[in-house]
Amino acid sequence: MRPGTRIRQELLAAHFGASRIPVREALKQLENEGLVVMAPNRGAWIADVDSEESIEIYKIREAVEPLAIGESVPNLTDEDIETLDRIVRELEQVTTLEEYIQLDREFHLRTYSRARMPQLLAMVERFWNSTQHFRRQFVSETYAKDGFPFSDPQHVLIMDAIRARDVDAAQVLVRLHIRRTRVVIQAKESGAAQPPLANRATLRHARLGSVYRGKKSND
């Protein structure tokens, strides 16, 4: 459902064969997660934020998500890293926008999942929820404009840093990853030319100079 769409509780109840009470409770939970807005005696809507609010949220994310990955990376298990590797490979092969959005979300939230800071993780997830439609628009109009599949070099570089347990590099890359989307949103809003984005050739060049080949170089 698109942001700003009215949610009709009676239709949801009929669709799921339920009474309105569990539907109302479910909507309250979605409201707590930042996905739904509810107003007394007026009903519920899919949450929406304008571009100015989104830019503010992205700036906050640039500050808090590096903290989340910094707290998480030392605690990631070998199994966690194997799962993240698999997700990155799948992201390179998906053929639909919805597949990409789901896997992209899973990848990033999993990289933060071992941070022992539940309030921080709840904050991060709420921010992801409230900017979901901007992320969908960014992917559709920027990376996937020529169709799927496509490559996002920054996912691979973040994965390299995680695999090397390089907290500083992971934090820098996550901050730049979020900043990239914010800069594109701001450029779109102002009508300025969008900054160029890395492609597969850029990724190959970057990884040729990477220090992450099982261990760091001494340079």
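The following questions and answers concern a predicted model of a protein.

Reader: How many helices and strands are there in the protein?
Author: Read along the sequence, the predicted model follows the pattern β-α-α-β-β-α-α-α-α-α-α-α-α. Counted by type, the elements of the protein are 10 helices and 3 strands.

Reader: What share of the contacts in the protein with a separation of 6 or more comes from residues 24 or more positions apart?
Author: The protein has 219 residues, and 42% of them count as buried. Among contacts with a separation of 6 or more, the share from residues 24 or more positions apart is 70%.

Reader: Which element gives the largest share of the largest nonpolar core?
Author: In soluble globular proteins, nonpolar side chains tend to be buried together. Here the largest nonpolar core has 41 residues, and those with the most contacts inside it include I69, F107 and Y112. Two or more residues come from each of helix 3 (51-72), helix 4 (78-91), helix 5, helix 6, helix 7, helix 8 and helix 9 (167-190). The largest share, 7 residues, is given by helix 9.

Reader: With which residues is Y112 in contact, leaving aside its neighbours within four places in sequence?
Author: Y112 is one of the residues with the most contacts inside the largest nonpolar core. Leaving aside neighbours within four places in sequence, the contacts of Y112 are E65, A68, I69, S72, L121, V124, W128 and V174.

Reader: How many residues does the second, separate core have?
Author: This core is separate from the largest one, and its members include I7, A13, V36 and I46. Its size is 7 residues.

Reader: Is the pair of Y100 and F148 stacked, tilted or edge-to-face?
Author: A search of the whole structure finds 5 aromatic pairs. For Y100 and F148, the ring centres are 6.4 Å apart and the planes lie at 50 degrees. Planes under 30 degrees apart would count as stacked and those over 60 as edge-to-face. The angle of 50 degrees fits neither range, so the pair of Y100 and F148 is tilted.

Reader: How many residues apart are Y100 and F148?
Author: Y100 belongs to helix 5 (residues 97-112), whereas F148 is in the loop between helix 7 (132-143) and helix 8 (153-163). The pair therefore links distant parts of the chain. The separation of Y100 and F148 is 48 residues.

Reader: Is F148 buried, partly exposed or exposed?
Author: Its partner Y100 has a relative accessibility of 3% and counts as buried. Buried means under 20% and exposed means over 50%. The relative accessible area of F148 is 24%, so F148 is partly exposed.

Reader: What kind of aromatic pair do F138 and Y143 form?
Author: F138 and Y143 are both buried. Their rings are 6.3 Å apart from centre to centre, with 90 degrees between the planes. Because planes over 60 degrees apart count as edge-to-face, the pair of F138 and Y143 is edge-to-face.

Reader: What joins F148 and P149?
Author: F148 also belongs to the cluster that ring pairs form with Y100, F138, Y143 and F150. P149 is found in the loop between helix 7 and helix 8. Omega between F148 and P149 is about -5 degrees, and the link is a cis peptide bond.

Reader: Which element supplies the largest share of the lining of the largest pocket?
Author: The largest pocket holds about 490 Å³ of space. Of the 19 residues that line the pocket, the closest to its centre are M1, R2, P3, I46 and R136. Helix 2 (20-32), helix 6 (118-130) and helix 7 each supply at least two lining residues. The largest share, 4 residues, comes from helix 7.

Reader: Which element gives the most to the lining of the largest cavity?
Author: The largest cavity has a volume of about 160 Å³. Of the 19 residues that line this cavity, D104, R135, H177, R180 and T181 lie nearest its centre. By class, the lining has 9 nonpolar, 4 polar and 6 charged residues. With 5 residues, the element that gives the most is helix 9.

Reader: Which residues line the second largest cavity?
Author: The second largest cavity has a volume of about 30 Å³. Its lining divides into 4 nonpolar, 1 polar and 2 charged residues. These lining residues are V88, L91, E92, Y100, F150, D152 and H155.

Note on methods:
Residues are numbered from 1 along each chain as its sequence is written. This is a predicted model: local features need pLDDT of at least 70, side-chain atom pairs count only at pLDDT 80 or more; totals for chains, interfaces and linings use all residues. Side-chain values use heavy atoms; hydrogens and water are left out. Rings of Phe, Tyr and Trp (its six-membered ring) pair if their centres lie within 6.5 Å; planes under 30 degrees apart count as stacked, over 60 as edge-to-face and the rest as tilted. Buried means under 20% relative accessible area, exposed over 50%, partly exposed in between (1.4 Å probe, protein chains only). On a 1 Å grid over the protein atoms alone, a cavity is a set of points where a 1.4 Å probe fits but cannot get out, and a pocket is an open set with protein on both sides within 12 Å along at least five of seven lines; lining residues have an atom within 4 Å of a point. Grid points are joined across faces, edges and corners, and a volume is the space filled by probe spheres set on the points. A nonpolar core is a set of buried Ala, Val, Leu, Ile, Met, Phe, Trp, Tyr and Cys residues joined through side-chain atoms within 4.5 Å. Contact means heavy atoms within 4.5 Å. Ala, Val, Leu, Ile, Met, Phe, Trp, Tyr, Cys and Pro count as nonpolar, Asp, Glu, Lys and Arg as charged, and the others, Gly among them, as polar.
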